[in-house]
Amino acid sequence: WAKAAGKGRWALFDPARDDLEIARYALSAQMPAALEHGEFVVEYQPMVSLFEGTLVGVEALVRWRHPKLGRLQPGEFIPLAEETGLILRLGYAVLEEACEQAARWWPEPKPEGFISVNLAVRQVHDPALVTKVFDVLDRTGLDPARLQLEITESSIMGTDTEPIAALRELAARGIRIAIDDFGTGYSNLAYLRRLPVRELKIAGEFVTGLRATDAAGNPTDERILATLVSLAHTLGLTVTAEGVETTAQAERLRAIGCDAAQGWLYGRPGSAGAIGDLVGAGSGLA
Ligand code: C2E
Ligand code: MG
Ligand code: MG
Ligand code: MG
């Protein structure tokens with residue numbers, strides 16, 4: 001019936017686009033078995049204090065070791081998993097693995113450090129979120145204070161009150177709540193003030209162009225960011241910058257008063273073993 005649709009509808013039958021749809025469908029269909037077969041792996045990336053130079057935390061980032069396509073980045077499959085709902089099982093599997101790893105890294109109260117795990121929109125709205133997170137902590141024995149959950153602003157800016165109640169319950173147990181990719185959404189600090197948020201993670205795109213003024217001497221992103229950091233501090237939040245690739249960027253962020261940084265300058269996401277030295281636990285596991 002392609003022809004019947006007429007010449008004007010050609011764009012709908014763009015073969016490249018068709019292939020993409022088929023590929024997306026195939027990937028979605030493969031995901032449940034991939035989860036069973038352990039094809040999803042968690043990598044870890046350090047967050048470093050801009051003032052002490054020490055490790056403050058580690059973010060868990062999922063990858064798919066696909067037997068035919070090789071290594072897939074989250075951008076290639078997380079949106080599909082969100083669509084199909086598999087993100088719930090995948091997200092909690094990542095949480096469990098990351099908490100297990102963190103419990104091995106930090107069996108004692110010292111040194112400080114936490115594992116930071118991304119929560120998908122569907123997880124934030126999952127009525128069983130609190131129970132599932134508490135279950136993982138019980139099973140792994142991880143101190144709740146060593147767990148940070150990263151959520152995006154858009155996942156909580158809606159009308160529902162349930163997610164907010166859930167976040168309060170999690171925070172009451174000592175879990176840290178962070179806002180991921182801050183600056184790309186509503187960036188409504190007045191709203192966030194009502195939530196049990198501990199940390200803002202500034203989206204990498206703000207870090208890329210840091211300069212005090214532009215060629216004409218006008219204030220740039222850097223001034224906006226400086227104001228944001230000081231407002232965040234007034235509200236008692238810590239600020240971590242993402243996507244820090246150069247020492248110049250780290251320098252600017254330090255000047256602004258940003259607390260911590262994450263990015264290739266400090267380490268790419270890698271295996272638990274690769275991070276182990278930084279953590280200082282010397283557990284040598286995984
Ligand atoms: P995110 O949570 O904002 O994670 C930061 C992303 O920046 C990661 O991309 C990381 O690899 C990348 N990155 C780190 N340092 C640098 C740098 O210096 N330069 C540049 N250009 N990029 C850097 P990644 O691993 O591809 O993950 C993309 C997104 O996928 C994450 O963004 C997060 O939103 C999502 N994601 C990853 N793992 C999970 C997960 O387990 N569950 C859920 N729901 N989402 C996840
Ligand atoms: Mg994140
Ligand atoms: Mg982010
Ligand atoms: Mg992101």
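**A note on the two magnesium ions and their surroundings**

1. Let's start with Glu242, a residue that is buried, with a relative accessible area of 11%. Please keep in mind that this is a predicted model. Glu242 will come up several times below, as a donor to the magnesium ion (ligand 3), as a member of a salt-bridge network and as a polar neighbour of ligand 1.

2. Which residues hold the magnesium ion (ligand 3)? Its protein donors are Asp180 (OD), Asp181 (OD) and Glu242, the last of these listed twice through OE, and they lie 2.1 to 2.3 Å from the ion. Along the sequence these donor residues follow the spacing D-D-x60-E. Asp181 sits in strand β6, while Glu242 belongs to the loop between β8 (238-241) and α10 (247-256), so this pair ties together parts that are 61 residues apart in sequence. Asp181 is partly exposed, at a relative accessible area of 29%, whereas Glu242 is buried.

3. Now turn to the magnesium ion (ligand 2). Here the protein donors are Glu59 (OE), Asn118 (OD1), Glu150 (OE) and Asp180 (OD), at 2.0 to 2.3 Å from the ion. The spacing of these donor residues in sequence reads E-x58-N-x31-E-x29-D. Asn118 lies in strand β4 (residues 114-118) and Asp180 in strand β6 (residues 176-182), so the two tie together parts that are 62 residues apart in sequence. Is Asn118 buried or partly exposed? Asn118 has a relative accessible area of 27% and is partly exposed, while Asp180, at 9% relative accessibility, counts as buried.

4. What links the two ions? Asp180 coordinates both the magnesium ion (ligand 3) and the magnesium ion (ligand 2), and the ions are 4.0 Å apart. If you are finding your way around the model, Asp180 is a handy place to begin, as this residue bridges the two.

5. Some of the metal donors also take part in salt bridges. The side chains of Lys201 and Glu150 meet in one, with 2.7 Å from N to O. Lys201 lies in strand β7 (residues 199-202) and Glu150 in strand β5 (residues 147-152), so this pair ties together parts that are 51 residues apart in sequence. Both of these residues are buried. Through shared partners, salt bridges join Glu59, Glu150, Lys201 and Glu242 into one network. In that network, Glu59 and Glu150 are among the donors to the magnesium ion (ligand 2), and Glu242 is a donor to the magnesium ion (ligand 3).

6. Ligand 1 has 22 residues around it, and the closest are Arg63, Asn118, Asp180, Glu245 and Trp264. Two of these names should be familiar by now: Asn118 and Asp180 are both donors to the magnesium ion (ligand 2). As for polar neighbours, a polar side-chain atom of Gln45 lies 3.0 Å from a nitrogen atom of ligand 1. A polar backbone atom of Ala120 is 3.5 Å from a nitrogen atom of the ligand. Glu242 places a polar side-chain atom 3.2 Å from an oxygen atom of ligand 1. How much of ligand 1 does the protein cover? The protein covers 77% of the 800 Å² of accessible area that ligand 1 has on its own.

7. The structure holds 16 salt bridges, and two further examples are worth a look. Glu100 and Arg104 meet through their side chains at 3.6 Å, N to O. They lie 4 residues apart in helix α3 (residues 87-105), about one turn of the helix. Glu100 is partly exposed at 35% relative accessibility, and Arg104 is partly exposed at 30%. The other example is Lys132 with Asp126, where the closest N and O atoms are 2.9 Å apart. Here Lys132 is partly exposed, with a relative accessible area of 31%, while Asp126 counts as buried at 11%.

8. A last stop is Arg176, which lies in strand β6. Arg176 is buried, with a relative accessible area of 12%. What is Arg176 in contact with, leaving aside its neighbours within four places in sequence? The contacts are Phe114, Ala145, Leu147, Gln148, Leu149, Arg198, Glu199 and Thr238. Strand β6 is also where Asp180 and Asp181 are found, so following this strand leads back to the magnesium donors described above.

Key:
Residues are numbered from 1 along each chain as its sequence is written. Chains are lettered from A and ligands numbered from 1 in the order in which they are written. This is a predicted model: local features need pLDDT of at least 70, side-chain atom pairs count only at pLDDT 80 or more; totals for chains, interfaces and linings use all residues. Side-chain values use heavy atoms; hydrogens and water are left out. A salt bridge is a side-chain nitrogen of Lys or Arg within 4 Å of a carboxyl oxygen of Asp or Glu. Buried means under 20% relative accessible area, exposed over 50%, partly exposed in between (1.4 Å probe, protein chains only). Donors are N, O and S atoms within 2.8 Å of the metal (3.2 Å for Na, K and Ca); water is not among the atoms, so sites may look incomplete. A residue is near a molecule or strand if one of its heavy atoms lies within 4 Å of it. A polar contact is a pair of N or O atoms within 3.5 Å; within protein, one must be able to donate a hydrogen and the other to accept it, and residues adjacent in sequence count only if both atoms are side-chain atoms. Accessible areas come from the Shrake-Rupley method with a 1.4 Å probe; for residues, only the protein chains shown count as cover. Contact means heavy atoms within 4.5 Å.
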